[in-house]
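Work through the exercises below with the sequence and the model at hand. Each task is followed by its solution in steps.

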Amino acid sequence: MNDSAPVPDGSGVPPPPVGRSALRVFVLSGSSRTGSLNERLAKLVGRLVGRTGALVDLAGLREFAVPPYDGDAEEAKGPPQGSAALRERIEAAQALVIASPEYNASVPGTVKNAVDWVSRFRPQPFKDKQTLLVSASPSMVGGNRGLWALRVPLEHLGARVYPGMFSLAAAHQAFTDSGDLTDGGLQERLAATVDSFLDLVEADIQYPCLQHRWYEFLGDRSSAPVTQRAES
């Protein structure tokens with residue numbers, strides 16, 4: 001038995017491993033409505049991330065207002081200020097968490113539009129970004145269909161979307177007054193998902209073992225520098 005092994009503190013999250021304090025995680029609520037279910041979920045994820053020792057940058061989509069994507073407007077004026085600000089926040093973090101609603105069994109247009117605008121920057125910041133997707137919905141599906149739709153553009157842009165997405169069903173009844181989940185089992189599962197995700201992020205930073213180039217299209221000959229990352 002290792003007497004120096006970390007001991008859980010009862011919060012559902014193990015003590016921070018060595019190096020975790022160096023991680024910066026950008027947690028974005030994809031809802032524009034104040035006090036929305038996904039904003040509450042984003043805040044909960046932010047607290048769980050913070051308990052592991054990582055630095056949390058929490059924001060809502062309303063902070064990055066952008067018009068519908070318009071190629072003519074982009075050519076005439078460049079990307080809007082909101083997309084530039086969102087790009088900077090994503091670039092400044094080693095990991096990205098998005099708490100996104102589900103609209104009509106798909107990703108909200110506002111979230112997709114923000115992704116589209118940010119993708120116009122070069123280099124675009126989603127490439128190789130470790131990303132966790134979560135959702136909250138009053139439905140029994142928990143917004144899961146919207147998360148699958150959101151994976152498509154993010155993975156197309158090169159984001160490393162974590163396989164273990166988290167969907168919170170009947171979310172209008174799922175939160176305590178303190179912002180935790182009423183179901184202790186779900187709270188533990190969310191905490192475990194967050195911690196496992198951060199383990200991957202930390203390993204990706206500290207233990208690069210493979211060099212590769214990333215191309216968006218077949219036949220693309222990008223001049224981007226070779227990057228390093230860990231893969232198993």
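**Exercise 1.** Classify Asp 128 and its salt-bridge partner as buried, partly exposed or exposed.

Step 1. Asp 128 has 15% relative accessibility and therefore counts as buried; buried means under 20% relative accessible area, exposed over 50%, and partly exposed in between, with a 1.4 Å probe and protein chains only.
Step 2. The partner, Arg 160, is partly exposed at 29% relative accessibility.
Step 3. The side chains of Asp 128 and Arg 160 form a salt bridge with an N to O distance of 3.9 Å; the term requires a side-chain nitrogen of Lys or Arg within 4 Å of a carboxyl oxygen of Asp or Glu.
Step 4. Asp 128 is in the loop between H4 and S4 and Arg 160 in strand S5 (residues 160-161), so the bridge ties together parts 32 residues apart in sequence. Helices (H or I, at least four residues) and strands (E, at least two) are DSSP runs numbered from the N terminus.

The model is predicted: local features need pLDDT of at least 70, side-chain atom pairs count only at pLDDT 80 or more, and totals for chains, interfaces and linings use all residues. Residues are numbered from 1 along each chain as its sequence is written, and side-chain values use heavy atoms, with hydrogens and water left out.

**Exercise 2.** Describe the salt bridge between Glu 74 and Arg 120.

Step 1. The N to O distance is 3.1 Å.
Step 2. Glu 74 belongs to helix H2 (residues 71-77) and Arg 120 to the loop between H4 and strand S4 (130-136), 46 residues apart.
Step 3. Glu 74 is buried at 15% relative accessibility, whereas Arg 120 is partly exposed at 39%.
Step 4. The whole structure has 12 salt bridges.

**Exercise 3.** Locate Ser 83 and list its contacts beyond four places in sequence.

Step 1. Ser 83 lies in helix H3 and is buried, with a relative accessible area of 1%.
Step 2. With neighbours within four places left aside, Ser 83 is in contact (heavy atoms within 4.5 Å) with Val 66, Trp 117, Val 118 and Phe 121.

**Exercise 4.** Which element gives the most residues to the lining of the largest cavity?

Step 1. On a 1 Å grid over the protein atoms alone, a cavity is a set of points where a 1.4 Å probe fits but cannot get out; lining residues have an atom within 4 Å of a point.
Step 2. The lining includes Leu 86, Ile 98 and Val 111.
Step 3. Helix H3 (81-91), strand S3 (95-99) and helix H4 (109-118) are the elements that each give two or more residues.
Step 4. H4 gives the most, with 3 residues.

Conventions:
1 Å grid on protein atoms, 1.4 Å probe; cavity = no way out; pocket = protein on both sides within 12 Å on 5 of 7 lines; lining within 4 Å.
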